[in-house]
Amino acid sequence: MHTLTRVESAAAPAALGPYSQAIKVNGFVYTSGQIALIPATGEIAEGGITGQTKQVFHNLSEVLKEAGSGLDKIVKTTVFLKDMNDFAAMNEVYASFFKDQLPARSAVEVARLPKDVVVEIECVAVHD
């Protein structure tokens, strides 16, 4: 029997609907997509793709920390971009969060994202 454990971090934005910030099961953490909401204010981070990507990683980091994991334990990310022309700028910020261990990744352009943000990222990570 596999036990699914809901992960909720007060240091990351609350879910915008009927879903969990993340689920832990079988040594893995599966996060929901994180957008650039600032937890303390509920506002979208400023700075376009660069500022939003930084905030997304801050939010992902908080959810993973609550799950007993971290950015250094991510094995796969999926990046959703409103405009693929933002890929290079997103990629520069993205790379700054990963030094030696680069996770597998998919990146796709989508028609629209929640709250009209320009980037959303979800991940799968291992946990202790």
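Helices (H or I, at least four residues) and strands (E, at least two) are DSSP runs, numbered from the N terminus. With that in hand, let's walk through this protein, which is a predicted model: local features need pLDDT of at least 70, side-chain atom pairs count only at pLDDT 80 or more, and totals for chains, interfaces and linings use all residues. Residues are numbered from 1 along each chain as its sequence is written, and side-chain values use heavy atoms, with hydrogens and water left out.

**The big picture**

- The protein's secondary structure adds up to 2 helices and 6 strands.
- Read from the N terminus, the elements go β-β-β-α-β-α-β-β.
- The C-alpha trace spans about 45 × 35 × 25 Å along its principal axes.
- For 128 residues, a compact globule would have a radius of gyration near 14 Å, and the protein agrees because it has 14 Å. That radius is taken over C-alpha atoms, and the globule rule is 2.2 Å times the number of residues to the power 0.38.
- Of the 128 residues, 41% are buried. Here, buried means under 20% relative accessible area, exposed means over 50%, and partly exposed is in between (1.4 Å probe, protein chains only).
- About 6900 Å² of the protein is exposed, with carbon and sulfur atoms supplying 53% of it. These areas come from the Shrake-Rupley method with a 1.4 Å probe, and for residues only the protein chains shown count as cover.
- Among contacts with a separation of 6 or more, 67% link residues 24 or more positions apart. A contact means heavy atoms within 4.5 Å.

**The sheet**

- Strands of a sheet pair through backbone hydrogen bonds, either parallel or antiparallel. In this briefing, two strands pair if DSSP finds at least two bridges between them.
- The 6 strands make an open sheet in the order S1-S2-S3-S6-S4-S5, and the pairing is mixed.
- At the edges sit strand S1 (5–7) and strand S5 (104–109), each pairing on one side only.
- From one strand to the next, the twist averages 15 degrees. For angles, axes are lines fitted to C-alpha atoms (for helices, over the stretch in contact), and values run from 0 to 180 degrees between N-to-C directions.

**A look at S2 and S3**

- Strand S2 (residues 22–25) and strand S3 (residues 28–31) are antiparallel partners over 4 bridges.
- Ala22 has Thr31 in S3 as its bridge partner, and Val25 stands opposite Phe28 in S3.
- These two strands form a hairpin with 2 residues between them, and Asn26 in the turn has a positive phi of about 50 degrees.
- S3 has alternating side chains: Val29 and Thr31 point to one face and are buried, whereas Phe28 and Tyr30 point to the other and are not.
- S3 is also joined to S6 by 3 bridges, and these two strands run antiparallel. One of the residues involved is Tyr30, whose bridge partner in S6 is Val124.

**The helices**

- Helix H1 (residues 48–66) lies across S1, S2, S3, strand S4 (74–81) and strand S6 (119–126), and runs at about 30 degrees to S6.
- Helix H2 (residues 87–96) packs on the sheet and touches S4, S5 and S6, while its direction makes about 150 degrees with that of S5.

**Gln21, between S1 and S2**

- Gln21 sits in the loop between S1 and S2. Is Gln21 buried or exposed? Gln21 counts as buried because its relative accessibility is 2%.
- A polar atom of the Gln21 side chain lies 2.4 Å from the backbone nitrogen of Ser9.
- Beyond its neighbours within four places in sequence, Gln21 is in contact with residues including Val7, Ser9, Tyr30 and Val63.

**The loop between S5 and S6**

- Most residues other than glycine have a negative phi, and most peptide bonds are trans.
- Lys115 lies in this loop, and its phi is near 60 degrees, a positive value in a residue other than glycine. Lys115 counts as exposed because its relative accessibility is 53%.
- Asp116 is found in this loop too, with a positive phi near 60 degrees. At 40% relative accessibility, Asp116 counts as partly exposed.
- Val117 belongs to this loop as well, and Val117 is buried, with a relative accessible area of 0%.
- Which residues touch Val117, leaving aside its neighbours within four places in sequence? Val117 is in contact with Ile35, Ala36, Ile44, Gln52 and Lys82.
- Val117 and Ala36 are 81 residues apart along the chain, and their C-alpha atoms are separated by 7.1 Å.

Terms used
A polar contact is a pair of N or O atoms within 3.5 Å; within protein, one must be able to donate a hydrogen and the other to accept it, and residues adjacent in sequence count only if both atoms are side-chain atoms.
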